[in-house]
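Visitor: I should like to go through the terms applied to this structure and see on what grounds each one is used.

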Amino acid sequence: MNFWDYLGNRHQQLLTDAYQHASAVFQCMVVATLIGVLIGVLTYRSEWAGNLATTTTSTILTIPSLAMIGLLIPVVGLGVAPTVIALTLYGLLPIVRNAIVGLRGVDPSLVDAAKGIGMSRIARLFKVELPIAWPPILTGIRVSTQMLMGIAAIAAYASGPGLGNEIFRGIGSLGSKNALNQVLAGTLGIIVLALLFDAAYVLIGRLTISRGIRV
């Protein structure tokens, strides 16, 4: 059976796996973004706190994904839970680092001007600092998403959802007539999803970043 015949016969399962893969990455990115930006907001004013946040999230990223999921299985079991925890942790570094860099890069005179017209600390954060820091934060989100697309494939090791199941089935049946087709279908599916997500982020950037900031 050639590759195109395989896709025709398995398209329903492949679409299901692709949806689950995209859904897992999207949901984990939402959580990682909220946590990462919060960490950035809490630490960017302090040099040591910012360094601690960056170092901690960098250390998490050095743990091999297979080892991370393997360590989580005895704690939370198989399936979705270890996948979500691992992906969320791996997605933090680029977001935290870019949030800190972006917030520290805001012109102090703009913050002083906002303070001068009576804006509260919270108002300055949401109306001045975060909007100006949004471009680097969005870049961090894009980088994290691309990383998680590949890492999510490892989730199949813990019976997690996604296209990694197709890849692992192919690897587990090497020598069979469809082994290569399975690995290729899973790999290409992840690449296509990564490109689609990146295109979505480009669109989000155009819609949410003001022309003045882009220039």
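Guide: The following exchange sets values beside the definitions that they meet.

Visitor: What makes this a model to be read with set conditions?

Guide: The model is predicted, so local features need pLDDT of at least 70 and side-chain atom pairs count only at pLDDT 80 or more, while totals for chains, interfaces and linings use all residues. Residues are numbered from 1 along each chain as its sequence is written, and side-chain values use heavy atoms, with hydrogens and water left out.

Visitor: How many helices and strands are there in the protein?

Guide: The protein has 10 helices and 0 strands. Helices (H or I, at least four residues) and strands (E, at least two) are DSSP runs, numbered from the N terminus. Along the principal axes, the C-alpha atoms fill a box of roughly 70 × 40 × 20 Å.

Visitor: Why is the pair Glu 166 and Arg 10 called a salt bridge?

Guide: A salt bridge requires a side-chain nitrogen of Lys or Arg within 4 Å of a carboxyl oxygen of Asp or Glu. The closest N and O atoms of Glu 166 and Arg 10 are 3.6 Å apart, so the pair meets that definition. Glu 166 lies in helix H8 (residues 164-172) and Arg 10 in helix H1 (residues 3-43), so the salt bridge ties together parts that are 156 residues apart in sequence.

Visitor: What other salt bridge does Glu 166 form within helix H8?

Guide: Glu 166 also meets Arg 169, at 2.6 Å from N to O. Both residues lie in helix H8, 3 residues apart, about one turn of the helix. An α-helix has 3.6 residues a turn, so residues three or four places apart point the same way. Arg 10, Asp 17, Glu 166 and Arg 169 are linked in a network of salt bridges. The whole structure holds 6 salt bridges.

Visitor: Why is Glu 166 called buried, and what are Arg 10 and Arg 169 called?

Guide: Buried means under 20% relative accessible area, exposed means over 50%, and partly exposed is in between (1.4 Å probe, protein chains only). Glu 166 has a relative accessible area of 0%, so it is buried. Arg 10, at 28%, is partly exposed, and Arg 169, at 35%, is partly exposed too. In H8, Gly 164, Asn 165, Glu 166, Ile 167 and Gly 170 are buried, and the buried residues of this helix pack against H1 and H9. Over the protein, buried residues make up 44% of the 215 residues.

Visitor: How do you know that Glu 129 forms a salt bridge with Arg 121, and that Arg 124 has none?

Guide: The closest N and O atoms of Glu 129 and Arg 121 are 2.9 Å apart, which is within the 4 Å of the definition. Glu 129 is buried at 3% relative accessibility, whereas Arg 121 is partly exposed at 29%. For Arg 124, which is buried, the nearest side chain of opposite charge is Glu 129, 5.3 Å away. Lys and Arg count as positive and Asp and Glu as negative, with His and the chain ends not counted. Arg 124 lies in helix H7 (residues 121-151). Leaving aside residues up to four places away in sequence, Arg 124 touches Val 111, Ala 114, Lys 115, Met 119 and Glu 129, where contact means heavy atoms within 4.5 Å.

Visitor: Why is H7 called roughly antiparallel to H9?

Guide: The axes of H7 and helix H9 (residues 179-208) come within 9 Å and cross at roughly 170°. That makes H7 roughly antiparallel to H9, because angles over 145 degrees count as roughly antiparallel, under 35 as roughly parallel, 65 to 115 as roughly perpendicular and the rest as oblique. Axes are lines fitted to C-alpha atoms, for helices over the stretch in contact, and angles run from 0 to 180 degrees between N-to-C directions. Among the residues that meet are Trp 134, Leu 138 and Arg 142 in H7, and Phe 197, Asp 198 and Tyr 201 in H9.

Visitor: Where does UniProt place the feature "transmembrane region"?

Guide: The unreviewed UniProt entry places this feature at residues 24-44, 65-93 and 183-204. UniProt positions are given in the numbering used here, feature names are shortened, and annotations may be inferred rather than shown by experiment. In the model, residues 24-44 are 95% helix and 0% strand, with end C-alpha atoms 29 Å apart. Residues 65-93 are 86% helix and 0% strand, with end C-alpha atoms 15 Å apart.
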